[in-house]
Amino acid sequence: MTSPEAPRSSTADTRSDRPWLVAVDFQRVFGDPASPWCAPRYAEAAENAVRLAEHFGDRCVFTRFIAPAEPRGAWVPYYEEFPFALEPPDAGLYELTEQVAPLAARTLEATTFGKWGPQLADLVGPDAELVVCGVSTDCCVISTVLPAVDAGAHVTVVSDACAGSDEVNHQKALDVMELYAPLVDLATTDDLLSHN
């Protein structure tokens with residue numbers, strides 16, 4: 001006698017094989033045109049990040065770059081060059097911008113450019129499938145993508161949902177990440193949403 005088949009789970013949205021969206025540092029300090037760290041194409045990238053976040057729903061995490069309470073090592077001269085950024089985590093410049101904040105039900109903070117670490121790894125699980133967007137492409141995005149790949153994640157970078165410190169550096173960072181194929185893929189927002 002055989003036992004009946006177990007009922008299938010109705011929680012398809014939490015299956016470990018579905019990708020996670022990691023939206024990197026969509027903050028005022030990178031979106032404000034008056035900020036020394038402004039990414040010129042921030043508004044376009046944020047608009048596409050909203051589309052992605054709406055699609056990914058509860059499998060979405062936003063990150064925030066924050067300054068350390070006391071910089072150490074190479075961060076000391078870094079913040080000597082950018083003293084305006086030595087603000088507490090709740091300072092206005094580190095807030096998520098208005099267009100993305102309502103979708104940021106889950107947020108991780110780090111004092112490092114890269115956001116891949118134990119917190120994010122624990123959230124997405126081993127051998128994760130990640131879709132990454134954010135700012136800036138040539139700093140925090142690339143610094144998140146490459147360690148994630150080294151840890152065994154497959155990453156799709158959404159090129160038009162990223163913004164660089166300028167257009168040339170944005171493209172250079174995309175070109176470097178593309179060298180990591182097949183561990184890293186590039187896609188546009190429209191391409192990704194049409195296939196998922």
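**Figure 1. Parallel pairing of β5 and β6.** Two strands count as paired if DSSP finds at least two bridges between them; helices (H or I, at least four residues) and strands (E, at least two) are DSSP runs numbered from the N terminus. The model is predicted, with pLDDT of at least 70 needed for local features and 80 or more for side-chain atom pairs, while totals for chains, interfaces and linings use all residues. Residues are numbered from 1 along each chain as its sequence is written, and side-chain values use heavy atoms, with hydrogens and water left out. Strand β5, which covers residues 154-163, pairs in the parallel sense with strand β6, residues 184-187, over four bridges. Within this pairing, V155 has V184 of β6 as its bridge partner. Together with helix α6, the two strands β5 and β6 make a right-handed β-α-β unit (with the strands pointing away from the viewer, the path from the first strand over the helix to the second runs clockwise).

**Figure 2. R41 and its salt-bridge partners E44 and E167**. R41 forms a salt bridge (a side-chain nitrogen of Lys or Arg within 4 Å of a carboxyl oxygen of Asp or Glu) with E167, and the closest N and O atoms of this pair are 2.9 Å apart. The R41–E167 pair links distant parts of the chain, 126 residues apart, with R41 in the loop between α1 (28-31) and α2 (42-56) and E167 in helix α6 (residues 167-178). R41 also forms a salt bridge with E44, where the closest N and O atoms are 3.0 Å apart. Both glutamates are partly exposed (between the limits for buried, under 20% relative accessible area, and exposed, over 50%, with a 1.4 Å probe and protein chains only): the value for E44 is 40%, and that for E167 is 44%.

**Figure 3. The salt bridge between D190 and R51**. In this pair the closest N and O atoms are 2.7 Å apart. Because D190 lies in helix α7 (residues 189-194) and R51 in helix α2, their salt bridge ties together parts that are 139 residues apart in sequence. D190 is partly exposed, with a relative accessibility of 48%, and R51 is likewise partly exposed, at 33%.

**Figure 4. The salt-bridge network of R28, E95 and E98**. These three residues, R28, E95 and E98, are linked to one another in a network of salt bridges. The structure holds seven salt bridges.

**Figure 5. Cis peptide bonds that end at S136 and P182**. The peptide bond from V135 to S136 is cis, with an omega near -20 degrees, and S136 itself is placed in the loop between β4 (129-135) and α5. A cis peptide bond also joins A181 and P182, where omega is about 5 degrees; here P182 belongs to the loop between α6 and β6.

**Figure 6. Positive phi angles at D25 and D127**. Most residues other than glycine have a negative phi, and most peptide bonds are trans. D25, although not a glycine, has a positive phi of about 60 degrees and sits in the loop between β1 (20-24) and α1. The phi of D127, again a residue other than glycine, is positive and near 50 degrees, and D127 is found in the loop between α4 (118-124) and β4. With regard to solvent accessibility, D25 is buried, with a relative accessible area of 0%, whereas D127, at 64% relative accessibility, counts as exposed.
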